[in-house]
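Colleague: Could you walk me through this one? I would like to know what stands behind each label.

Modeller: Gladly; let's look together.

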Amino acid sequence: MTEINHRRADHPIHSIFLERWSPRAFTGEDISEKELLALFEAARWAPSASNIQPWRFVYARRGTEHFASLLDTLDEGNRRWAKNASALVIILSKTHRVTSAGEVRPAYTHAFDTGAAWFGLALQTQLAGWHAHAMAGVDRDKAMRVLGVPEHFRVEAAVAIGRIADPSILPDDLREREKPSQRKPINEFVFEGRFNGD
Ligand SMILES: Cc1cc2nc3c(=O)[nH]c(=O)nc-3n(C[C@H](O)[C@H](O)[C@H](O)COP(=O)(O)O)c2cc1C
């Protein structure tokens with residue numbers, strides 16, 4: 001079966017799934033607005049419950065005034081390497097919707113739908129020759145404040161987008177971790193007919 005990045009698929013799949021991974025060593029080179037918008041275009045076509053499209057993205061390209069403020073919302077552990085990204089993105093989802101009668105209703109699938117959009121972006125990023133690295137290590141309250149996010153939205157994660165660099169640019173501890181990770185075997189998370197796992 002296909003083996004890429006020291007990852008072996010036990011069943012036939014497209015190579016993109018093995019090629020995509022989350023590096024921390026980035027070159028810091030510029031990414032154009034046009035290139036970046038093409039990544040969001042891929043996210044745009046994700047499926048969502050009732051087509052509500054609850055995902056929202058706030059981005060900053062390196063070298064622009066907003067980059068420092070987005071970087072500042074990340075945890076220290078992520079700032080260390082994400083500072084070399086070409087673009088940073090904060091992913092938000094709309095948790096509630098207001099009906100025409102003025103009722104506030106929870107959007108049950110907001111995180112699920114936004115996860116689908118993130119993965120569209122991640123795959124397109126890979127296809128375009130860049131890498132995307134998601135981060136849950138974000139100060140959510142700070143991000144809400146700094147980005148001016150209104151009520152009924154949740155900060156889901158941040159993403160660093162960049163062109164992969166030589167791992168030698170990383171501090172020792174991060175350099176050791178700079179390789180594509182493995183996965184559980186399918187029989188640990190796929191069950192026929194009845195749940196049979198932990
Ligand atoms: C929602 C989410 C949050 C993550 N948070 C962080 C993070 O805060 N810092 C980090 O270095 N990596 C983070 N990661 C990267 C994961 O550790 C990584 O995706 C996982 O180990 C699988 O490796 P791969 O993406 O290289 O295949 C996150 C990934 C996801 C999807």
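Colleague: What makes the side chain of Arg-24 a polar contact of the ligand?

Modeller: First, a word on sources: this is a predicted model, where local features need pLDDT of at least 70, side-chain atom pairs count only at pLDDT 80 or more, and totals for chains, interfaces and linings use all residues. Residues are numbered from 1 along each chain as its sequence is written, and side-chain values use heavy atoms, leaving out hydrogens and water. Now, a polar contact is a pair of N or O atoms within 3.5 Å. An N or O atom in the side chain of Arg-24 is 2.7 Å from an oxygen atom of the ligand, so the pair meets that definition.

Colleague: Which distances do Arg-20 and Gly-137 show to an oxygen atom of the ligand?

Modeller: For the side chain of Arg-20 the distance is 2.8 Å, and for a backbone N or O atom of Gly-137 it is 3.0 Å. The protein covers 64% of the 620 Å² of accessible area that the ligand has on its own (Shrake-Rupley method, 1.4 Å probe).

Colleague: Which element gives the most to the shell around the ligand?

Modeller: Strand β7 does, with 3 residues; strands here are DSSP runs of E with at least two residues, and helices are runs of H or I with at least four.

Colleague: Why is α2 called oblique to α5?

Modeller: Their axes, lines fitted to C-alpha atoms over the stretch in contact, with angles from 0 to 180 degrees between N-to-C directions, come within 7 Å and cross at roughly 140°. That makes α2 oblique to α5, because under 35 degrees is roughly parallel, over 145 roughly antiparallel, 65 to 115 roughly perpendicular and the rest oblique.

Notes: A polar contact is a pair of N or O atoms within 3.5 Å; within protein, one must be able to donate a hydrogen and the other to accept it, and residues adjacent in sequence count only if both atoms are side-chain atoms.
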